[in-house]
Amino acid sequence: METPWRRLKARMGGPRLLAWSAWLLALATAAFVIFYALSEQRGAEARRGIAVDAGARHAGEMADVIGRQMEAVIKGVDLSLLQLREAYRQGDARKFESLVGATIAALQDHGIQGIVVTDVGGHVAYSSISPKQRGVFLGDRDYFVAAAAGADRVVIGTPVRSRLLQSWSFVLARPMFADGRFDGAIVMGLTPAYFAKQLIDPRLSRDDVIAVIHPDGSYLARNQLLDQVLGTKVPPERPFLVPGSNATGIYRARALVDGRERIYAWQRVAGSGVVILVGLDEEALLAPVDAENARGSRLLAVVAASLLLLGGGLSWLLLRTAGRQQRLIDSEARYRSALAESRANEQKLKLAASMFAHTHEGIFYCHPSGRILDVNEAFVRLTGYDRDEAIGRDFAFLDAGRQGADFYDGIRESLQLNGNWRGEVVNRNKSGEVFVELLDISSIAGADGVATAYVGIFSDITALKENERRFMHLAHTDALTGLPNRTLLMDRLNQALRSAARQRELLAAAFVDLDGFKPINDIYGHRTGDEVLIEVARRLRQCARSADTACRLGGDEFVLLLRNLTSTDEVLAILERIRGAIAQPYSVCKDKIEGVSASIGLACFPEDAADAEGLIATADDAMYEAKRTGRNAVRRSVN
């Protein structure tokens, strides 16, 4: 009996046609997977290209903004130089020094270090830093040579390390003229460290850099690794150093300082030749794109595997069922498809459960009200609370008391507005130990867009925060004596000066240099010398008051910052007590050492100096006066 199925099979060509259909389906599936993979690859490359172009535009915009700021600073300093030059030319010394003081006060926020005037031969004729600089030869400095070339324009010198202040500086200079001829230069010193602080931008990642480059390629300032780059130059093949190069541009290169690949944008400051260089770290810039591409690759793998499995299964099914009725084929195909989908969903659930259980980060799953619904094993290990102890409690129950209610209200507000929150939280585990965690909370929204739950993922970063604290301590402390170093001293001195100016209080700086110390190293050895320095530091701390700061500059030089003073007699009494204590014999390394004393120079604010560098320099001059007049004495600066 001829059935409809047999009629259809005869018309379609029977099992052979079904077999050819199976192979065609397999080939089509493979071709589609290849096409999809190539499309995803092109999309990934396009996304990286878009991110690079966006980063380049962002770097260019930042370079333009910083370049305008630097141009304004240079013009402001140049205007001050022109005013000072005119005052100096008029020959009124009192008026000129008054203008110098006003200029230093006005530009102290720009990191000014001092103002110097040279004669036509390049020797210092005037210095606001120290009278001892008079006569020092500066004629071989690049800025003097450029100023002497004859053009009446501002000149920027390469950074040099000051022998007096033991710090880096670079200068802006203007030539002096007399009867139309070159007659010397007026010079203003600025600190690279100040400009480096101005280059810190919260929008930058940890490895992004902003640098100010001299026309010859020398670093004037950099937002990171400043001490490492000062005195060095960028590679001469950088495009902005090529003669005739544009005022702006973009390039990609690997930095010699730290080996990082970056996208750079440069902006040449008009009128000075200084280049603002902004470098965005490629790894940080492309991290979101690479993460998105990785997710696309994983999705591609899942889709490709599913398609290949489905195509192969259908092809195999067609070959197996070529002689069966179409209804049975359709029924079996639907059954197998449903079974495959069920198994795929089951596998996804098992994978999610495995990740939840075995990840190293603590995870909690909570209701929108903040009540915890479930936690993973890492949560139990990090907090010490069992799963049953955590479920049902508010996610803030671990709070160590360092954050108030407003802090957690802010988290909830961010979740409601943005769907996520990320930050550091100080918590306490079950045993009472305080730890710092990096917490990332995201909301899970339903079909209507309303949050149905929150998932929090956190890791313990206590060790990282402690290492950060230790590094900060080492950066501001002398390794041998444990006293504050020059960096911390200058920070405290600037704060103290601002406070003293507001409160109209007396403040003093004392420069302490040991007498008779060098023979100790020569006779007893450097180990004994180090022990003597440690004992000197102990005596300084013992004699100083709680409000005072004792600092070691290096070698046998120390500085005391004295605050909350009532009179200069009180200062002299403290310094005499310190001088007497230092002069006592030393019992170190089984040796009894005598003959060590201290020459101490004193400078007071506001009578002797108006800023930190001036106060230290004046105290240094007074210390040399104590050395010259017999040592083991306290001398105050005489203006």
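Student: In what order do the 5 strands of the open sheet that includes β8 stand, and in which sense do they pair?

Tutor: The order is β8-β7-β11-β10-β9, and the pairing is antiparallel. The model is predicted, so local features need pLDDT of at least 70 and side-chain atom pairs pLDDT 80 or more, while totals for chains, interfaces and linings use all residues. Residues are numbered from 1 along each chain as its sequence is written, and side-chain values use heavy atoms, with hydrogens and water left out.

Student: What makes β10 and β11 a pair?

Tutor: Two strands pair if DSSP finds at least two bridges between them; a strand is itself a DSSP run of E with at least two residues. β10 and β11 (residues 275–281) share 7 bridges in the antiparallel sense, so they meet the rule for a pair. W266 stands opposite L277 in β11.

Student: Which strands are called edge strands in this sheet?

Tutor: They are β8 (219–222) and β9, each of which pairs on one side only. Neighbouring strands are turned by 25° against each other on average, direction ignored. Helix α7 lies across β9, β10 and β11 and runs at about 45° to β11.

Student: How do you know that E283 and R260 meet in a salt bridge?

Tutor: The rule asks for a side-chain nitrogen of Lys or Arg within 4 Å of a carboxyl oxygen of Asp or Glu. For E283 and R260 the N to O distance is 3.0 Å, so the pair qualifies. E283 lies in helix α7 (residues 282–320) and R260 in the loop between β9 (248–254) and β10 (261–268), so the pair ties together parts that are 23 residues apart in sequence. Both residues also belong to a network of salt bridges with R206, D207 and D281. By this rule the count comes to 32 salt bridges.

Student: Why is E283 called exposed?

Tutor: Exposed means over 50% relative accessible area, buried under 20%, and partly exposed in between (1.4 Å probe, protein chains only). E283 has 54% and therefore counts as exposed, whereas R260, with 23%, is partly exposed.

Student: What makes D548 buried and R545 partly exposed?

Tutor: D548 has a relative accessible area of 10% and is therefore buried, while R545, with 24%, is partly exposed. D548 and R545 form a salt bridge, their closest N and O atoms being 2.7 Å apart. R545 also forms a salt bridge with E570, at 3.4 Å between the closest N and O atoms.

Student: Why is α13 called roughly perpendicular to α17?

Tutor: Roughly perpendicular covers angles from 65 to 115 degrees; under 35 is roughly parallel, over 145 roughly antiparallel, and the rest oblique. Helix α13 (residues 486–503) and helix α17 (residues 612–628) pack at about 110°, with their axes 9 Å apart. The value falls in the stated range, so α13 is roughly perpendicular to α17. On the side of α13 the contact (heavy atoms within 4.5 Å) is made by L489, M490, L493, N494 and L497, and on the side of α17 by A612, E613, L615 and I616.

Student: Which open sheet includes β13, and which of its strands are at the edge?

Tutor: That sheet has 5 strands in the order β13-β12-β16-β15-β14, with antiparallel pairing. β13 (372–375) and β14 (420–428) are the edge strands. 3 bridges join β12 (residues 362–366) to β13, and F364 has V375 in β13 as its bridge partner.

Key: Helix = DSSP H or I, 4+ residues; strand = E, 2+ residues; numbered from the N terminus. Axes fitted to C-alpha atoms, helices over the stretch in contact; angles between N-to-C directions.
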